[in-house]
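Trainee: I'm new to this one. Could you walk me through it, one question at a time?

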Amino acid sequence: MDNEEDKLSLLVTGMNLRGRQVPLHSQNPRNPGNLQPDTIRIIVKNVPISADDGQIHRALTLQGCDIQSLNRKRLRVKGKITNCQTGDRIIISKLLDKPIARSLQIGKYMAIVMHSGQPEFENRGSYSDGNTKPCYKCLQVGHFVYDCPNDWVCRKCKLPGHKMMDCPNAFQVVSNKEEQIVTTDESVTVDDSQSTEQTEKLNPKKMWQTNQKVEIQKQQTLVQTMQIRQIQQNQER
């Protein structure tokens, strides 16, 4: 809407759809792209889907969080969000007075809590040579993956909308490499067989051993034939 007053009125009163009052938000509450200046994003991992979100809310409140929203992260497939939950929780809270420990006991689970400003990540923003590390999710500098508002960017083709494990170009490269390996193995096998035949022809010891085996087989066949004839003659008598 162009009129700010009408926009604010809708945000406050909501919208009536088919007899139901539906609240409106200025941004997606499940995945806020731009945080407010006085808020921070917190990600909680290692807590199963079956666990009650109230446990997480209470544990973070005891750590000094003023929680504004708590949502469950959903699986993204080929750049689209599905209804499948990953188990991670995304919490939007007011700015913290002090950072939360990365390992936090929530109920009977030892959860991993990640947010910007934790001491564990203060020295992880640059390489040993001084260059700034990019975000693992969007490959941009200036923030970390747990505080990333952008979509996934493939580390293989550098295109947004999917991870490297879902990249179709990566599978094409792997299949081409496998074909090359198979072709190379076949050529090596043919060369090995040819070289073996040539080696046997040029090696007189191999030839002598082969001839000896043939002679022994002939003698064994002759002896068997003579024994059969002798048995037949005895039967005729």
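**A cavity, some salt bridges and a few odd spots**

Trainee: Which residues line the largest cavity?
Mentor: Here, a cavity is a set of points on a 1 Å grid over the protein atoms alone where a 1.4 Å probe fits but cannot get out, and its lining residues have an atom within 4 Å of a point. By that rule, the lining of the largest cavity is Arg 76, Val 77, Lys 78, Gly 79, Trp 152, Gly 161, His 162, Lys 163 and Asp 166.

Trainee: What should I keep in mind about this model?
Mentor: Residues are numbered from 1 along each chain as its sequence is written, and side-chain values use heavy atoms, with hydrogens and water left out. This is a predicted model, where totals for chains, interfaces and linings use all residues, but local features need pLDDT of at least 70 and side-chain atom pairs count only at pLDDT 80 or more.

Trainee: What volume does the largest cavity have?
Mentor: There is one cavity of 30 Å³ or more. A volume is the space filled by probe spheres set on the grid points, which are joined across faces, edges and corners. For the largest cavity that gives about 40 Å³.

Trainee: Lys 78 is in that lining, but why does it count as exposed?
Mentor: Lys 78 sits in the loop between strand E4 (67-77) and strand E5 (80-94); helices (H or I, at least four residues) and strands (E, at least two) are DSSP runs, numbered from the N terminus. Buried means under 20% relative accessible area, exposed over 50%, and partly exposed in between (1.4 Å probe, protein chains only). Lys 78 counts as exposed because its relative accessibility is 69%.

Trainee: How far apart are the C-alpha atoms of Lys 78 and Asp 166?
Mentor: Both residues belong to the lining of the largest cavity. Along the chain they are 88 residues apart, yet their C-alpha atoms are separated by 7.0 Å.

Trainee: How many salt bridges are there?
Mentor: A salt bridge needs a side-chain nitrogen of Lys or Arg within 4 Å of a carboxyl oxygen of Asp or Glu. One of them joins Lys 94 and Asp 38, with the closest N and O atoms 2.8 Å apart. By this rule the count is four.

Trainee: Asp 88 and Lys 45 also meet in a salt bridge; how many residues apart are they?
Mentor: The N to O distance for Asp 88 and Lys 45 is 2.7 Å. Asp 88 lies in strand E5 and Lys 45 in strand E3, so the pair links distant parts of the chain, 43 residues apart.

Trainee: And is Asp 88 buried or exposed?
Mentor: Its partner Lys 45 is partly exposed at 26% relative accessibility. Asp 88 has a relative accessible area of 12%, so it counts as buried.

Trainee: Which residues are joined into one network by salt bridges that share partners?
Mentor: Start with Arg 72 and Asp 53, whose side chains meet in a salt bridge (3.1 Å, N to O). Arg 72 lies in strand E4 and Asp 53 in helix H2, so the pair ties together parts 19 residues apart in sequence. Shared partners make one network of Asp 53, Arg 72 and Arg 89.

Trainee: What phi does Leu 139 have?
Mentor: Most residues other than glycine have a negative phi. Leu 139, found in the loop between strand E7 (109-114) and helix H3 (168-202), is not a glycine, but its phi is positive, at about 65 degrees.

How values were computed:
On a 1 Å grid over the protein atoms alone, a cavity is a set of points where a 1.4 Å probe fits but cannot get out, and a pocket is an open set with protein on both sides within 12 Å along at least five of seven lines; lining residues have an atom within 4 Å of a point.
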